[in-house]
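Hi,

Here is the structure I promised to pass on. Have a look at it first, and my notes follow underneath.

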Amino acid sequence: MHPREQTIFALSSGRPPSAIAMVRVSGPEARTALNSLAGKLPLPRMATRVLLCDTNQRPIDDAVVLWFPAPASATGEDVAEFHVHGGRAVLMALFAALSAFENVRAAEPGEFTRRAFENGKLDLTEAEALDDLIHADTDRQRRQALRQMKGLLGDRVRDWRAQIIEASALIEAGIDFSDEGDVSGELIGPALEKIKALHGEIAEVLAAQGQSERLREGLVVAIAGPPNVGKSTLMNQLARREVAIVSPHAGTTRDVIEIQLDLDGYPVTVIDTAGIRETDDPVEQEGVRRARARAGEADLVLWMIDAQQEEARREAGASAWIVRNKIDLESDASPGESANGLRAAEGRIEFGISASRGDGVQELIAAVVVFAREFFGSVEGGLIGRARQRKLLQEAAAMLHCSIAVMDRGEELAAEELRGAAAVLGRLLGRVDVEDVLDVIFREFCIGK
């Protein structure tokens, strides 16, 4: 039997032990397994309390079961759910009982969602959105994924594809009536107008997205600078825990340390890098090399300097803020009177903080939030969530542009470009020639989803 025809099962709730665990079964043997283990087949979509027993009638657990006959289920197949106590021994006993049935096996990552996709329960953009929703760390990521799951992009793409097919049909009909000039012109003219309008609409969506798909990955902020200026202390302040070793000795940080923050709903990865200086220590040299590389890749660099050593000000790049640390040690500073906060310095944003005391840190965080808001742009109505989606929309827009450009050279050429554009949008939805990308996409899912 082909693996896709087998019945699959998996734990679809959190890692045990837990109060309640949910085990999902999908496939043609789900009915048999449920009927055998529960002793009866409950009414569809009605939670029923039963004593689960294995094939030897040994009790497994006092559980609640549900039955979702095909096609009215999440995967489009027969689906059974077992809600059991979330102890490891209970789950092991249930898994062993399910595995005893012929053609029933443990699911691979993303296999439930893949079956839902293959059975037409959702398109590929909605499947990708489901994965994004599972991995959402912030509220803004959650909202964006939820909009995509509701078909924000998929519905538009289906409409665009239908319009392309309609325009293509008009052009091909015009070709069939090419010997009748009036009829041909009456068909091709409206098709050309439809293509131009559609190309403009897709181009507008591509232009308006900005970096909305980056919301999935988050903003990367690197804390960089010379050794012993307080980078690790600031890192600990942002994390509100000790994630980096703080020492008065230069060169303590040898590798890159990362933390994930949720700043006003924006996902931010903060990187603490090794102090950048010339050194003969080969391990520290590698740390400096990595620090320079990560700072160069970051969306924003917080270049830290000692407030009393202003000569270290330059090595910050264009998208960098200077952070003057240890302002509490300045001769004219007293508690509550340090020159903290934002100010302009030589055309560059500059902050004064005391990483050890916390002065100015909240102002720095607030500024990063503003930067993130401008960096991500307006993602509330953003259609594009992944680079794959953007690439395919760009291909479709290019083909539409080509179809307009070649219309004067022959309607057949324009029709061929339109067929290509329709196929590309079909790939975006996962309905045309996408077998090569399905494994890549669905193996990113967790097991049980």
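**What I found**

Phe9 comes out at 4% relative accessibility, so it counts as buried. Bear in mind that this is a predicted model.

Its ring partner is Phe95, which at 25% relative accessibility counts as partly exposed. The two ring centres are 5.6 Å apart and the planes make an angle of 35°, so this pair is tilted rather than stacked: stacking needs planes under 30 degrees apart. What I like here is the sequence separation: Phe9 belongs to strand β1 (residues 7-11) and Phe95 to helix α2 (residues 88-99), 86 residues apart, so the pair links distant parts of the chain.

The sheet that β1 belongs to is worth a look too. It is an open sheet of 6 strands with mixed pairing, in the order β3-β4-β5-β2-β1-β6. At the edges you will find β3 (48-53) and β6 (104-106); each has a single partner strand, so one side of each has no neighbour in the sheet. On average, neighbouring strands here are turned by 30° against each other, ignoring direction.

For β6, the partner is β1: the two pair in the parallel sense over 3 bridges. If you want a spot to zoom in on, Thr7 has Val104 in β6 as its bridge partner.

Two helices lie across this sheet. Helix α1 (residues 30-38) lies across β1, β2 (18-26), β3, β4 (59-68) and β5 (79-86), and runs at about 85° to β3. Helix α2, the one carrying Phe95, lies across β1, β2, β3, β4, β5 and β6, running at about 150° to β5.

Back to the aromatics. There are 4 aromatic pairs in the structure. Another of them is Phe371 with Phe375: the centres are 6.2 Å apart and the planes at 15°, so that pair is stacked. Both residues sit in helix α10 (residues 361-376), 4 residues apart, or about one turn of the helix. Both are buried as well. Together with Trp321 and Phe351, Phe371 and Phe375 make up one aromatic cluster.

Finally, a couple of charges over rings. The charged end of Arg140 sits over the ring of Tyr266, at 4.1 Å from its centre. Arg24 lies over the face of Phe112, and there the distance to the ring centre is 5.6 Å.

Shout if you'd like to go through any of this together.

Cheers

Methods
Residues are numbered from 1 along each chain as its sequence is written. This is a predicted model: local features need pLDDT of at least 70, side-chain atom pairs count only at pLDDT 80 or more; totals for chains, interfaces and linings use all residues. Side-chain values use heavy atoms; hydrogens and water are left out. Rings of Phe, Tyr and Trp (its six-membered ring) pair if their centres lie within 6.5 Å; planes under 30 degrees apart count as stacked, over 60 as edge-to-face and the rest as tilted. Buried means under 20% relative accessible area, exposed over 50%, partly exposed in between (1.4 Å probe, protein chains only). A charge sits over a ring if NZ of Lys or CZ of Arg is within 6 Å of the ring centre and within 35 degrees of the ring normal. Two strands pair if DSSP finds at least two bridges between them. Axes are lines fitted to C-alpha atoms, for helices over the stretch in contact, and angles run from 0 to 180 degrees between N-to-C directions. Contact means heavy atoms within 4.5 Å.
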